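Ready for some practice in reading a protein model? Work through the exercises below with the structure open beside you, and try each task before you read its solution.

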Amino acid sequence: MKNKNINSDWIVYMITNPEGRIYIGRTSKINVRLSYYKGLHCGRQKELYNSLTQYGFMKHKLEIIDEFSGTKAEADEKEAFWINFHKSCINIWPENKGLNLSPGGSGAGIKRTEKQRNLYYKKRSIEVSQFDLDGNFIRKYRSMRDAAK
């Protein structure tokens with residue numbers, strides 16, 4: 001595992017697909033990262049993968065939006081900043097149809113406050129209404145998780 005306190009040269013990049021949907025990422029090895037995308041080795045990034053398979057890598061526009069020397073933790077912060085700036089996380093801003101699945105900074109590996117976690121899950125939650133067999137409203141739940149309890 002890479003030491004988070006060692007400085008590296010980092011690049012934050014933006015990939016825009018033909019529909020204008022945006023993906024923000026960060027890397028210290030841009031050529032390696034681009035070869036992963038060209039070879040479709042990004043299946044865990046579902047939205048980006050689907051876009052690359054639908055349109056092909058060459059139909060996507062790549063822009064370098066930030067370059068700096070710093071630690072991995074600083075790179076995670078910068079990535080999260082740009083994802084927030086462009087509102088490209090589809091799970092938080094679904095109306096923007098971004099290609100990022102997480103708010104950045106190594107995805108689920110980032111430590112967030114209770115307030116940040118609640119906001120993230122609140123925006124991902126779908127309100128659920130319960131009805132009886134005759135179609136009469138019974139109750140409304142904040143999320144599918146709450147309804148399942």
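Two strands count as paired if DSSP finds at least two bridges between them. Keep in mind that this model is predicted.

**Exercise 1. Work out how the sheet is built.**

Task: In what order do the strands of the open sheet lie, and which are the edge strands?

Solution:
- Step 1. Start with the order: the three strands of this open sheet are arranged 2-1-3, and their pairing is antiparallel.
- Step 2. Look for strands that pair on one side only; these are strand 2 and strand 3 (61-70), the edge strands.
- Step 3. Follow the turn of the sheet: from one strand to the next, the twist averages 15 degrees.
- Step 4. Now zoom in on one pair. Strand 1 and strand 3 run antiparallel and are joined by nine bridges. For Met14, the bridge partner in strand 3 is Glu63.
- Step 5. Add a helix to your picture: helix 1 (residues 30-38) lies across strand 1, strand 2 and strand 3, at about 35 degrees to strand 1.

**Exercise 2. Find the nonpolar cores.**

Task: How many residues make up the largest nonpolar core, and which elements give two or more residues to this core?

Solution:
- Step 1. The largest nonpolar core has twelve residues, among them Trp10, Met14, Phe68, Trp82 and Cys89.
- Step 2. Strand 1 (8-16), strand 2 (22-27) and helix 3 (72-86) each supply two or more of them.
- Step 3. There is also a second, separate core of eleven residues, including Tyr13, Tyr23, Tyr37 and Leu99.
- Step 4. Pick one member of the largest core, Phe68. Leaving aside residues up to four places away in sequence, Phe68 touches Ser8, Asp9, Trp10, Val12, Glu74, Ala75 and Lys78.

**Exercise 3. Place a polar residue.**

Task: Is Asn100 buried or exposed?

Solution:
- Step 1. Locate Asn100 in the loop between helix 3 and helix 4 (114-124).
- Step 2. Recall the cut-off: buried means under 20% relative accessible area. Asn100 has 4% relative accessibility, so this residue counts as buried.
- Step 3. List its surroundings: beyond four places in sequence, Asn100 touches Ile22, Tyr23, Ile24, Ile83, Ser88, Cys89 and Ile90.
- Step 4. Check for a polar partner: the side chains of Asn100 and Ser88 make a polar contact (2.8 Å).

**Exercise 4. Check the cysteines.**

Task: How many disulfides does the count give?

Solution:
- Step 1. A disulfide needs two cysteine sulfur atoms within 2.5 Å. The count comes to zero disulfides.
- Step 2. Compare accessibility with the same cut-off of under 20%. Cys42 is buried, at 3% relative accessible area, and Cys89 is buried too, at 0%.

How values were computed: Residues numbered from 1 in each chain as written. Predicted model: local features only at pLDDT ≥ 70, side-chain atom pairs only at ≥ 80, totals over all residues. Heavy atoms only, no water. Core = buried A, V, L, I, M, F, W, Y, C linked by side-chain atoms within 4.5 Å. Buried < 20%, exposed > 50% of the residue type's maximum accessible area, 1.4 Å probe, protein only. Helix = DSSP H or I, 4+ residues; strand = E, 2+ residues; numbered from the N terminus. Contact = heavy atoms within 4.5 Å. Polar contact = N/O pair within 3.5 Å; in protein donor to acceptor, adjacent residues only side chain to side chain. Axes fitted to C-alpha atoms, helices over the stretch in contact; angles between N-to-C directions.
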